[in-house]
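Here are a few exercises to work through with the model open beside you. Try each task before you read its solution.

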Amino acid sequence: YYIGVLACRGYLFSDPDSAFILAQIQYDFAHNTGNKEREADALNTQASSFFIRDQYEQAIKYYVRSLDIYRAI
């Protein structure tokens, strides 16, 4: 959980590349432990990092993946 907070609040706007990497670590841990909510949170952070970097197509892909998980839970 805390790595996701660090990614989102600590690096997302100042260093979106690092935020993406931290969110990937969060996603991998959540996926391996079956925590769907944290998976969705991580994907949402990754989507936001793409959005901030003006990579809108990638952002949409990650937002959709995140939304799909949120809807499922």
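**Exercise 1.** Which residues form one aromatic cluster?

*Solution.* This is a predicted model, where local features need pLDDT of at least 70 and side-chain atom pairs count only at pLDDT 80 or more, while totals for chains, interfaces and linings use all residues. Residues are numbered from 1 along each chain as its sequence is written, and side-chain values use heavy atoms, with hydrogens and water left out.

Step 1: recall that a pair of aromatic rings is described by the distance of the centres and the angle of the planes. Rings of Phe, Tyr and Trp (its six-membered ring) pair if their centres lie within 6.5 Å; planes under 30 degrees apart are stacked, over 60 edge-to-face, and the rest tilted.

Step 2: take the four aromatic pairs of the structure. One of them is Phe 20 with Phe 50, edge-to-face at 5.3 Å centre to centre and 65 degrees between the planes. This pair joins helix H2 (residues 16-33) to helix H3 (residues 36-52), across 30 residues. Helices here are DSSP runs (H or I, at least four residues), numbered from the N terminus.

Step 3: add Phe 20 with Tyr 62, also edge-to-face, at 5.9 Å and 75 degrees. Tyr 62 lies in helix H4 (residues 56-72), so this pair ties H2 to a part 42 residues away in sequence.

The cluster is therefore Phe 20, Phe 50 and Tyr 62.

**Exercise 2.** Decide for Phe 20, Phe 50 and Tyr 62: buried or exposed?

*Solution.* Step 1: use the cut-offs, with buried under 20% relative accessible area, exposed over 50% and partly exposed in between (1.4 Å probe, protein chains only).

Step 2: compare the values. Phe 20 has 18%, Phe 50 has 9% and Tyr 62 has 14%, so each is buried.

**Exercise 3.** Which element gives the most to the largest nonpolar core?

*Solution.* Step 1: such a core is a set of buried Ala, Val, Leu, Ile, Met, Phe, Trp, Tyr and Cys residues joined through side-chain atoms within 4.5 Å.

Step 2: the largest one has 10 residues, among them Phe 20, Phe 50, Tyr 62 and Ile 69. H2, H3 and H4 each give two or more residues, and H3 gives the most, with five.
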